[in-house]
Amino acid sequence: MVRFFPAFQLLVLIGFLSSRSESLRFDLQSGHTKCISEDIKQNAMTVGKYHVVNPNEGQPLTDERKLIVRVTSATGNTYHYSDKVESGQFGFVAAEAGDFMACFWAPDHQPQVTLSVDFDWRTGVAAKDWSNVAKKGSVEVMELELQKLFETANSIQEEMYYLREREEEMQDLNRSTNTKMAWLSLLSLFVCLSVVGLQIWHLKTFFEKKKLI
């Protein structure tokens, strides 16, 4: 059954999906690490490309301007690893959901050098190579656009289900936390009343021994 969403929610979802394409440039000093996180759902395709910007074009990069790159899942599984490279790429279908980390480490070097790294990370619909789809399928421009819209609509629907599942998980966690806090409050109240009762009993016993009451 086809479901329709209000225009505002649809715009928010489209904006959310477009944010799954992350392209940036950052600086990294020798001996330092920079990690970038991306929330990826299970069975979603993700691709990434990175390269060190060469300050002297036409000349090869020296070893101190090369990177160690590792992409891991929230549970610590490694999906990509490269040692002392100036560029590379990765692509995989996530076997688990959660925050994936792409970490870049520049080997220690004296004197320190600063590396500029270009990194492009795409997930979901944005990860698909539409130019190859057009070449392989020999499709017309309109057909290609319709195929893009179809893929985007499917991705929006999957994202809605995924967000709903996450919302239910958060609600279950809130209910569990509230129940635990209620029991903790009752326990704290019982302890306080017990302490007060013991103090009153102690004072009463003390005054009776002193024959003050």
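**Exercise 1.** In this predicted model, find the salt bridge partner of arginine 166 and state which elements the pair ties together.

*Solution.*
Step 1. Take the cut-off: a side-chain nitrogen of Lys or Arg must lie within 4 Å of a carboxyl oxygen of Asp or Glu.
Step 2. The partner of arginine 166 is aspartate 39, with the closest N and O atoms 3.7 Å apart.
Step 3. Arginine 166 belongs to helix 3 (residues 141-209) and aspartate 39 to strand 2 (residues 33-40), so the salt bridge ties together parts that are 127 residues apart in sequence.
Step 4. For burial, the partly exposed class runs between 20% and 50% relative accessible area. Arginine 166, at 36% relative accessibility, is therefore partly exposed. Aspartate 39, at 23%, also counts as partly exposed.
Step 5. A search of the whole structure gives 6 salt bridges, and the pair of arginine 166 and aspartate 39 is one of them.

**Exercise 2.** Which residues are joined with Lys41 into one network by salt bridges that share partners?

*Solution.*
Step 1. Lysine 41 meets glutamate 158 in a salt bridge with an N to O distance of 3.4 Å. Lysine 41 lies in the loop between strand 2 and strand 3 (45-52), whereas glutamate 158 lies in helix 3, 117 residues apart.
Step 2. A salt bridge also connects the side chains of lysine 41 and glutamate 159, at 3.7 Å from N to O. Glutamate 159 is likewise in helix 3, and this pair is 118 residues apart.
Step 3. Through shared partners, Lys41, Glu158 and Glu159 form one network.
Step 4. Assign the burial classes. Buried means under 20% relative accessible area, so lysine 41 at 11% is buried. Glutamate 159 is buried too, at 2%. Glutamate 158, with 45%, is partly exposed.

**Exercise 3.** Describe the geometry of residues 181-201 and the nonpolar surface patch that contains Phe190.

*Solution.*
Step 1. The unreviewed UniProt entry lists residues 181-201 as "transmembrane region".
Step 2. In the model, this span is 100% helix and 0% strand, and its end C-alpha atoms are 30 Å apart.
Step 3. Met181, Leu184, Leu187, Phe190, Val191 and Val195 make up a nonpolar surface patch of about 570 Å².
Step 4. Phenylalanine 190 is located in helix 3. Its relative accessible area is 56%, so phenylalanine 190 is classed as exposed.

**Exercise 4.** In what order do the 4 strands of the open sheet stand, and which strands are at the edges?

*Solution.*
Step 1. The order is 2-7-4-5, with antiparallel pairing.
Step 2. Strand 2 and strand 5 (78-85) are the edge strands; each has a single partner strand, so one side of each lacks a neighbour in the sheet.
Step 3. On average, neighbouring strands of this sheet are turned by 10° against each other, direction ignored.
Step 4. The pairing of strand 2 with strand 7 (residues 98-105) is antiparallel and runs over 8 bridges. Glutamate 38 stands opposite phenylalanine 100 in strand 7.
Step 5. To link back to Exercise 1, the edge strand 2 also holds aspartate 39, the salt bridge partner of arginine 166.

Conventions. Residues are numbered from 1 along each chain as its sequence is written. This is a predicted model: local features need pLDDT of at least 70, side-chain atom pairs count only at pLDDT 80 or more; totals for chains, interfaces and linings use all residues. Side-chain values use heavy atoms; hydrogens and water are left out. Helices (H or I, at least four residues) and strands (E, at least two) are DSSP runs, numbered from the N terminus. Buried means under 20% relative accessible area, exposed over 50%, partly exposed in between (1.4 Å probe, protein chains only). UniProt positions are given in the numbering used here, feature names are shortened, and annotations may be inferred rather than shown by experiment. Patches are made of residues with over 30% relative accessible area and no salt bridge: like charges are joined within 9 Å, nonpolar side chains (Val, Leu, Ile, Met, Phe, Trp, Tyr) within 5 Å. Accessible areas come from the Shrake-Rupley method with a 1.4 Å probe; for residues, only the protein chains shown count as cover. Two strands pair if DSSP finds at least two bridges between them. Axes are lines fitted to C-alpha atoms, for helices over the stretch in contact, and angles run from 0 to 180 degrees between N-to-C directions.
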